[in-house]
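User: Could you take a close look at one part of this model for me and then work outward from there? I'd like the cut-offs behind each term as you go.

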Amino acid sequence: MDETIAALAALPAASPYSRKNPFLAELTRHDRLTKPGSQKDTRHFVVNLAGSGLSYTPGDSLGVFGRNSPELVDEVIALLGFEPDAAVSDPKGQPTTFRQALLQDYTINRANRKMMAALAERIPQGEQRNRLMELVDNGDILSEYVDTRDYVDILKEFDEARFQSPGAFLSQLSPVVPRLYSIASSLQVHPGEAHLCITVVRYQTHGRAKKGLASGFFADHSDMFVKNIPVYVQESRSFRLPKDGATDIIMCGPGVGLAPFRAFIEQRILDGATGRNWLLFGEQHQATDFLYGDELMGYHRKGKLHRLDLAFSRDQSYRIYVQHRMMEAAKELWLWLERGAYFYVCGDARHMAKDVHQALIDIAQKEGGLSAEAAAEYVSVTLMKTEKRYLRDVY
């Protein structure tokens with residue numbers, strides 16, 4: 001009994017920080033990964049977790065609560081006509097100011113349906129109210145409408161709406177929800193740090209420039225060495241390295257889907273894992289979009305990354321994606337799988353992950369001699385569910 005108590009006492013204390021009580025972290029590094037001329041703006045951020053007690057394992061994500069841009073907040077306040085310092089309560093019922101609540105507690109870069117109904121109740125009879133009621137009464141049209149607009153767009157279009165108080169406006173907003181980013185580092189290699197690989201979302205709708213809440217906050221509004229980034233660790237249930245370091249792994253991560261695999265490679269090298277590492281990475285142009293390119297090529301040269309297949313889709317007249325590289329290497333990929341390799345995919349669920357999934361089925365047919373039905377069952381049931389060697393982190 002005494003030995004058990006002593007063992008428990010030796011365990012690190014659980015961090016007091018969580019989604020409900022995030023840690024205020026600081027940025028200690030901010031680098032641009034994409035080069036001039038790229039169509040994308042992808043960046044490397046180092047978040048300092050020192051003093052938080054937070055720990056993570058490769059495959060976990062960092063939950064981040066983004067904050068709205070001060071310019072957007074000030075424009076909303078001006079349109080509403082309230083005082084920025086007006087006293088209000090935050091979503092937890094704590095006292096704060098109207099401006100502070102809009103900066104950090106509520107989503108204002110994307111509109112919600114609830115607000116549209118609230119506006120309809122606050123507009124006098126007339127043309128604006130009739131137009132708004134047409135929107136509110138048609139679910140599909142309303143969804144399409146709010147999807148491309150923020151509250152500046154809407155308050156300008158329906159400028160006859162009047163809210164009695166700042167609190168009345170806030171009560172119709174959605175609280176900020178965290179954005180999960182796959183952690184791109186091993187904690188043992190980078191003690192007290194979490195590295196993130198983020199593409200900054202920027203776009204234009206209705207004549208105005210807009211940006212993603214979390215990515216825009218990281219890129220434009222998070223000052224270096226200031227503890228103002230609310231974070232917590234979101235553990236993965238299954239996206240983990242094999243327990244046996246002798247097991248081979250195949251990692252498919254185009255774009256920022258590369259993030260967890262950077263962590264995997266770092267951890268495998270640190271652990272002295274003897275299993276081979278194979279990475280399939282894709283982006284638009286090698287000259288401008290090869291994320292962590294020097295690092296990956298260095299691993300490859302040293303034999304730490306045993307195979308590196310690259311798919312730069314726009315470097316030739318026809319498109320090449322990671323699934324095409326898989327098919328080109330079908331024989332070897334099948335051999336790795338037959339010998340017990342784990343297959344991982346991270347990134348876009350809507351298109352890439354589906355194409356990669358189908359490529360696995362096609363390889364099982366072509367190289368395994370399986371029927372279409374048997375190949376599909378092998379990939380979707382045997383690999384994914386029974387043997388749990390096909391693991392996905394898709395979004």
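Analyst: Happy to! Helix 10 passes helix 12 in a left-handed crossing, a term that applies if the near helix is turned anticlockwise from the far one by less than a right angle, with right-handed used for clockwise. Please keep in mind that this is a predicted model, where local features need pLDDT of at least 70, side-chain atom pairs count only at pLDDT 80 or more, and totals for chains, interfaces and linings use all residues. Residues are numbered from 1 along each chain as its sequence is written, and side-chain values use heavy atoms, with hydrogens and water left out. Helices (H or I, at least four residues) and strands (E, at least two) are DSSP runs, numbered from the N terminus.

Two packed helices are described by the angle between their axes and the distance between the axes. Here, helix 10 (residues 259–271) and helix 12 (residues 293–301) have axes that come within 12 Å and cross at roughly 35 degrees. Those axes are lines fitted to C-alpha atoms, for helices over the stretch in contact, and angles run from 0 to 180 degrees between N-to-C directions. On the helix 10 side, Arg-262, Ile-265, Glu-266 and Ile-269 meet Glu-295, Leu-296 and Tyr-299 of helix 12, where contact means heavy atoms within 4.5 Å. By type, the residues of this contact divide into four nonpolar, no polar and three charged. In that count, Ala, Val, Leu, Ile, Met, Phe, Trp, Tyr, Cys and Pro are nonpolar, Asp, Glu, Lys and Arg are charged, and the others, Gly among them, are polar.

Moving outward, the next stop is an open sheet of five strands in the order 15-14-13-16-17, with parallel pairing; two strands pair if DSSP finds at least two bridges between them. Strand 15 (307–312) and strand 17 (390–394) are the edge strands, each pairing on one side only. From one strand to the next, the twist averages 10 degrees. Five bridges connect strand 16 (residues 342–347) with strand 17 in the parallel sense, and Tyr-344 has Leu-391 of strand 17 as its bridge partner.

Between strand 15 and helix 13 (322–328) lies a loop that holds Ser-313. Ser-313 is buried, at a relative accessible area of 3%; buried means under 20% relative accessible area, exposed over 50%, and partly exposed in between (1.4 Å probe, protein chains only). Apart from neighbours within four places in sequence, Ser-313 is in contact with Glu-283, Gln-284, Tyr-318, Arg-319, Ile-320 and Tyr-321.

For a contrast in pairing sense, look at the open sheet of six strands, ordered 8-3-12-1-2-9, with antiparallel pairing. Strand 8 (179–182) and strand 9 (193–199) stand at its edges with a single partner strand each, so one side of each is left without a neighbour in the sheet. Direction ignored, neighbouring strands of this sheet are turned by 40 degrees against each other on average.

Within this sheet, strand 2 (residues 42–48) is mostly covered, with seven of its seven residues buried. Thr-42, His-44, Val-46 and Asn-48 point one way from strand 2, while Arg-43, Phe-45 and Val-47 point the other way. Strand 1 (residues 23–32) runs antiparallel to strand 2 and is joined to it by six bridges, with Arg-29 partnered by Val-46. Strand 9 also pairs with strand 2 in the antiparallel sense, over seven bridges, and there Phe-45 stands opposite Leu-196. Elsewhere in the sheet, four antiparallel bridges link strand 3 (residues 61–64) and strand 12 (residues 229–234), with Leu-62 facing Val-233.

Phe-45 also brings us to Ala-219, since Ala-219 is in contact with His-30, Arg-43, Phe-45, Val-200 and Arg-202, leaving aside its neighbours within four places in sequence. Ala-219 sits in helix 9 (residues 213–221) and is buried, with a relative accessible area of 12%.

Last, the interior: the largest nonpolar core has 36 residues, and Leu-102 is one of those with the most contacts inside it. Such a core is a set of buried Ala, Val, Leu, Ile, Met, Phe, Trp, Tyr and Cys residues joined through side-chain atoms within 4.5 Å. Helix 2 (70–80) is among the elements that give two or more residues to this core, and its five residues are the largest share.
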